[in-house]
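Biologist: Hey, can we go through this structure together? I'd like to start with a term I keep tripping over, handedness of a helix crossing.

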Amino acid sequence: MARVVKIDSAESWNFYVSQAKNQNCPIVAHFTASWCIPSVFMNSFFEELAFSYKDALFLIVDVDEVKEVASQLEVKAMPTFLFLKDGNAMDKIVGANPDEIKKRVDGFVQSSRVVNIA
């Protein structure tokens with residue numbers, strides 16, 4: 001089963017962002033385009049990341065299908081990876097750099113974990 005949710009409209013983007021916010025769940029979003037080879041190349045890597053980090057929500061957004069979300073978040077180049085917490089963009093990586101993306105996802109998910117001290 002795919003762990004990456006494909007966003008097909010501004011409504012579905014808003015739905016998942018608000019759900020994640022309610023559940024205090026960090027979001028990693030991959031903004032891609034079918035005509036951009038580096039973006040397409042990153043899709044399987046992004047799927048693998050989603051399997052490794054089960055306490056984050058992984059979304060994929062095709063900028064040609066969901067233009068309003070891309071422009072609202074000022075995504076201008078593909079691939080762009082956005083890290084959101086409570087609906088706000090906390091970090092952004094532009095370009096296909098698997099090592100850097102993995103490092104940032106790891107740091108982001110670790111820092112997003114809520115530590116309960118009994």
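Modeller: Sure. A crossing is right-handed if the near helix is turned clockwise from the far one by less than a right angle, and left-handed if the turn is anticlockwise. Keep in mind that this is a predicted model.

Biologist: OK, so which hand is the crossing of α2 and α4?

Modeller: Right-handed. Here α2 covers residues 37–52 and α4 covers residues 98–112.

Biologist: And at what angle do their axes cross?

Modeller: Roughly 25 degrees, and the axes come within 11 Å. Angles under 35 degrees count as roughly parallel, so α2 is roughly parallel to α4.

Biologist: Which residues make the contact?

Modeller: From α2 you have Met 42, Phe 45 and Leu 49, and from α4 there are Pro 98, Ile 101, Lys 102 and Val 105.

Biologist: How do those divide into nonpolar, polar and charged?

Modeller: Six are nonpolar, one is charged and none is polar.

Biologist: Switching topic: what about the largest nonpolar core, which members touch the most others?

Modeller: That core has 23 residues, and Trp 13, Ile 27, Ala 29, Phe 31 and Leu 59 touch the most other members. At least two residues each come from β1, α1, β2, β3, α3 and β4. The top contributor is α1, with four residues.

Biologist: Why would nonpolar side chains gather like that?

Modeller: In soluble globular proteins, nonpolar side chains tend to be buried together.

Biologist: What does Leu 59 contact, skipping its neighbours within four places in sequence?

Modeller: Quite a list, including Val 4, Ile 7, Trp 13, Tyr 16, Ile 27, Ala 29 and Phe 46. There's also a second, separate core of 18 residues, with Val 4, Phe 46, Leu 49 and Phe 81 among them.

Biologist: Now the loops. Where is Pro 79?

Modeller: In the loop between α3 and β4. The peptide bond from Met 78 to Pro 79 is cis, with omega near -10 degrees.

Biologist: Which loop holds Glu 74?

Modeller: The one between α3 and β4. Glu 74 has a positive phi, near 55 degrees, and isn't a glycine.

Biologist: Is Glu 74 buried or exposed?

Modeller: Exposed, because its relative accessibility is 53% and the cut-off for exposed is over 50%.

Biologist: And what's the phi of Asp 86?

Modeller: About 55 degrees, so to speak a positive value in a non-glycine. Asp 86 sits in the loop between β4 and β5, and is partly exposed at 36% relative accessible area.

Notes
Residues numbered from 1 in each chain as written. Predicted model: local features only at pLDDT ≥ 70, side-chain atom pairs only at ≥ 80, totals over all residues. Heavy atoms only, no water. Core = buried A, V, L, I, M, F, W, Y, C linked by side-chain atoms within 4.5 Å. Buried < 20%, exposed > 50% of the residue type's maximum accessible area, 1.4 Å probe, protein only. Contact = heavy atoms within 4.5 Å. Axes fitted to C-alpha atoms, helices over the stretch in contact; angles between N-to-C directions. Parallel < 35°, antiparallel > 145°, perpendicular 65-115°, else oblique. Nonpolar A, V, L, I, M, F, W, Y, C, P; charged D, E, K, R; others polar.
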